[in-house]
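Subject: Structure for your review

Dear colleague,

Please find below the structure I agreed to hand over, followed by a summary of the findings. I would be grateful if you could read the summary with the model open.

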Amino acid sequence: MPNHKEDFDKRRKNNTAEDYFDKWAEKNNLIFERFGFDQLNSGIQGSDFGKIPKFIRNRPDYVVVKNKAQFVEVKGGTDKIRMKQSDLKSYCKWNEEMELYYFFYSSRYKTHKIIKHKKLLEIVKKCDVGQFHDHTKYDKKLYYKIDWIML
């Protein structure tokens, strides 16, 4: 599982949560397609990636089709999930276009949880806020510290 404290090159080589989601979706006979940018595995350098408008960079990871089409954003963690406040603002807009779900994976518990966007908005109101160490003057990278048991 990538660790937010590791350097970018090390993080880009590990997509544990998305790999888990892919296997889970296949096992459950879901039709799914990659939708979001995956900077970790793209050829776009960080300095150039920042030139893409934030709303576009923050596209949900997948479109899933079962009874209807839905967005799915995949997030991984151990006993906590870190959700950037700025990303959540973008996800609110994406949810207006099509219903958004979150697929959370815990490498500690080796399991997942799926929740609707509306439910996550209720949860983050009760969460502490942290700040990633690599903030800039334009983006303080504040994030919600979501305890696994809250999901």
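Aspartate 48 counts as partly exposed, because its relative accessibility is 37%, between the cut-offs of 20% and 50%. Please note that this is a predicted model, and that the values here are computed from it. The residue lies in helix H3, which covers residues 46-49. The side chain of aspartate 48 also forms a polar contact with the side chain of lysine 51, at 2.9 Å.

Histidine 117 is located in helix H6, which covers residues 117-124. With a relative accessible area of 3%, histidine 117 is buried, since the cut-off for that class is under 20%. Leaving aside residues up to four places away in sequence, histidine 117 touches Leu88, Tyr91, Cys92, Asn95, Leu100 and Tyr102.

One of these contacts, Cys92, leads to the cysteines. Cysteine 92 has a relative accessibility of 27% and is therefore classed as partly exposed. Cysteine 127, at 11%, counts as buried. A disulfide is a covalent bond that links the sulfur atoms of two cysteines. Zero disulfides were found when the whole structure was searched.

I also examined the second largest pocket, whose volume is about 170 Å³. Its lining consists of Phe21, Trp24, Leu30, Val64, Lys66, Gln70, Val72, Tyr101, Phe103 and Ile114. Helix H2 (16-27), strand S3 (69-77) and strand S5 (100-106) are the elements that contribute two or more residues to this lining. Which classes of residue make up the lining of the second largest pocket? Eight of the lining residues are nonpolar, one is polar and one is charged. The charged residue is Lys66 and the polar one is Gln70.

Turning to the chain as a whole, the protein contains six helices and eight strands. Along the sequence, these elements follow the pattern α-α-β-α-α-β-β-β-α-β-β-α-β-β. The protein chain has 151 residues, of which 36% count as buried; histidine 117 is classed as buried, as is cysteine 127. Among contacts between residues at least 6 apart in sequence, 60% join residues at least 24 apart.

With kind regards

Methods. Residues numbered from 1 in each chain as written. Predicted model: local features only at pLDDT ≥ 70, side-chain atom pairs only at ≥ 80, totals over all residues. Heavy atoms only, no water. Helix = DSSP H or I, 4+ residues; strand = E, 2+ residues; numbered from the N terminus. Buried < 20%, exposed > 50% of the residue type's maximum accessible area, 1.4 Å probe, protein only. Contact = heavy atoms within 4.5 Å. Polar contact = N/O pair within 3.5 Å; in protein donor to acceptor, adjacent residues only side chain to side chain. Disulfide = S-S within 2.5 Å. 1 Å grid on protein atoms, 1.4 Å probe; cavity = no way out; pocket = protein on both sides within 12 Å on 5 of 7 lines; lining within 4 Å. Points joined across faces, edges and corners; volume = space filled by probe spheres on them.
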